[in-house]
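Got the structure open in your viewer? Let's take a walk through it, one selection at a time.

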Amino acid sequence: MLKEAMEDWNRFLQDLKVNARKVEVHIGKGEFMERAWKEVYVGDVIKVNKNEYFPSDLLLLSSSYEDGLCYVETMNLDGETNLKVKRSLEATLSLHSDEQFSKFLATLRCEDPNPNLYTFVGNLEFENESHPLSSSQILLRDSKLRNTDYIYGVVVFSEPDTKAVKIKYL
């Protein structure tokens, strides 16, 4: 029992450390401010920089690449070290600077949170058009942004509804 108690305590301390990590969150008028992971909520627009982890499950809006590509390492989720390519929607490619989010308004409708890493079904309503979403636009919590300077994303699921957390408790 003592061993299990120590493992639980160490897990608790690790969770505190992870939840204290910082990420840039849009606070309005095109301004971003650092906020702890535990203070990131569904609907927040965030900016993640190269070699940082994603604090929640995100919908990729745009990246530092003109074509909206980004490269993601998912080793913490599935053990794979090869990078996965994600691509934003054509409709949101133009959102490539902080100031452009001052007037960003969209509605996201999607499936309920679930532990399946490789599927996602939803629609983004943006500029009076509906755009279908798939797993190729979703960035999962605990994945790492690689070979891409930055991305902008909107939080789809946050703790405890992220796919990574749902997997832990299966």
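Here is a short tour of this predicted model, from the whole chain down to a few single residues.

**The whole chain.** Start with everything shown as a cartoon. You should find 3 helices and 12 strands. The radius of gyration is 16 Å, close to the 15 Å that the globule rule gives for 170 residues, so the protein is as compact as a globular protein of that length. Along the principal axes, the C-alpha atoms fill a box of roughly 60 × 30 × 30 Å.

Now switch on the surface. About 9800 Å² is exposed, and carbon and sulfur atoms supply 50% of that. Of the 170 residues, 42% count as buried. If you like contact maps, take the contacts between residues at least 6 apart in sequence: 62% of them join residues at least 24 apart. Colouring by charge? There are 21 positive and 28 negative charges, and their mean positions sit 4 Å apart.

**Select His26.** You'll land in strand E1, which covers residues 22-28. Is His26 buried or exposed? It counts as buried, because its relative accessibility is 17% and the cut-off for buried is under 20%. Show its surroundings: leaving aside residues up to four places away in sequence, His26 touches Glu31, Phe32, Val45, Phe101 and Ser102. For Phe101, draw a distance from the His26 side chain to the Phe101 backbone oxygen; that comes out at 3.5 Å.

**Select Asn51.** Next, hop to the loop between strand E3 (45-49) and strand E4 (57-63), where Asn51 is found. Check the backbone here: Asn51 has a positive phi of about 70 degrees, although it is not a glycine. At 40% relative accessibility, Asn51 counts as partly exposed.

**Select Asn128.** Here is another asparagine with a positive phi, in this case near 60 degrees. Asn128 lies in the loop between strand E8 (122-126) and E9. With a relative accessible area of 86%, Asn128 is exposed.

**Select Ser134.** Follow strand E9 (129-133) to the loop that leads to strand E10 (138-139), and you'll find Ser134. Which side chain does the side chain of Ser134 make a polar contact with? Show Ser136: the two side chains make that contact at 2.9 Å. Ser134 counts as partly exposed, at 28% relative accessibility. For a last distance, pick the C-alpha atoms of Ser134 and Thr107: these residues are 27 apart in sequence and 16 Å apart in space.

Notes. Residues numbered from 1 in each chain as written. Predicted model: local features only at pLDDT ≥ 70, side-chain atom pairs only at ≥ 80, totals over all residues. Heavy atoms only, no water. Helix = DSSP H or I, 4+ residues; strand = E, 2+ residues; numbered from the N terminus. Rg over C-alpha atoms; globule rule 2.2 N^0.38 Å. Buried < 20%, exposed > 50% of the residue type's maximum accessible area, 1.4 Å probe, protein only. Contact = heavy atoms within 4.5 Å. Areas by Shrake-Rupley, 256 points an atom, 1.4 Å probe, with all protein chains shown as cover. Lys, Arg positive; Asp, Glu negative; His and termini not counted. Charge placed at Lys NZ, Arg CZ, Asp CG, Glu CD. Polar contact = N/O pair within 3.5 Å; in protein donor to acceptor, adjacent residues only side chain to side chain.
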